[in-house]
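Visitor: Could we take a close look at one part of this model together? I am new to reading structures, so please explain the terms as you go.

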Amino acid sequence: MSLRIMEHAVDTIGDGCQAEYLLDTEPYDLIVLDLGLPNKGGLEILKSLRNRGSDLPVLIVTARAEPESRVEGLDQGADDYLIKPFHLAELDARVRALLRRKRTSASTTITLGPLEFDTVSRETRLNGEELPLTRRERGILEIFIHSPERVFSKDAIANRLFDYDQEIDNMHNTILLYIHRLRKKLDAPDISIRTVRGLGYTLEVDE
């Protein structure tokens with residue numbers, strides 16, 4: 001998926017009701033919202049989100065090119081509107097612009113003990129020094145950073161990090177490798193990735 005290539009941790013949901021549930025339970029930096037979702041449409045999700053007072057940036061993507069549809073989406077609280085088909089470079093630019101806009105209104109730096117992560121630039125620092133990470137390592141670490149103390153199974157990590165057409169066994173082996181590398185790079189006494197036997201992995205921070 002193009003957003004994963006851009007080094008974003010991504011949840012891909014094809015059902016409107018499930019998408020709304022995740023918006024209630026998971027922290028996100030931005031939503032790329034298709035209007036044509038089954039069971040609950042994109043505009044209904046957007047309206048509900050804004051009625052709850054959320055200012056989460058929302059980029060609508062849709063095949064509906066009529067001006068009326070665009071106006072309706074913006075009136076419901078969308079921050080931007082992208083009509084299919086579009087170039088991936090344009091999607092990248094729009095996403096970066098919305099994240100920068102969010103950054104000007106609130107800090108996007110997540111601090112967990114000695115670890116700092118900028119959700120826009122994706123720069124990661126440990127004890128004030130830049131942490132050298134590969135794209136996949138950064139993607140896995142970001143999953144943990146957004147939900148510290150939560151246990152993630154290998155399947156949950158794979159679903160956010162890889163495309164669905166990849167072999168699940170190969171993904172599990174790859175995740176084990178990246179977890180091993182991350183543990184070596186997170187060489188600090190106050191933060192670690194812990195294995196929860198039979199369940200998965202969690203990021204532990206000693207505040």
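Which strands does α6 lie across, and at about what angle does α6 run to β5?

Guide: Happy to help! This is a predicted model, where local features need pLDDT of at least 70, side-chain atom pairs count only at pLDDT 80 or more, and totals for chains, interfaces and linings use all residues. Residues are numbered from 1 along each chain as its sequence is written, and side-chain values use heavy atoms, leaving out hydrogens and water. Helices (H or I, at least four residues) and strands (E, at least two) are DSSP runs, numbered from the N terminus.

Helix α6 lies across β4, β5 (115–118) and β6, at about 105 degrees to β5. Angles run from 0 to 180 degrees between N-to-C directions, and axes are lines fitted to C-alpha atoms, for helices over the stretch in contact.

Now the sheet: four strands form an open, antiparallel sheet in the order β4-β5-β6-β7. Two strands pair if DSSP finds at least two bridges between them. At the edges, β4 (109–112) and β7 (129–130) each pair on one side only. Strand β6 (residues 124–126) joins β7 through two bridges, and Arg125 has Glu130 of β7 as its bridge partner.

Helix α6 (residues 135–146) also packs against α7 (residues 154–161), at an angle of about 120 degrees and with axes 10 Å apart. On the α6 side, the contact (heavy atoms within 4.5 Å) is made by Arg136, Gly139, Ile140, Ile143 and Phe144, while α7 brings Ile157, Arg160 and Leu161.
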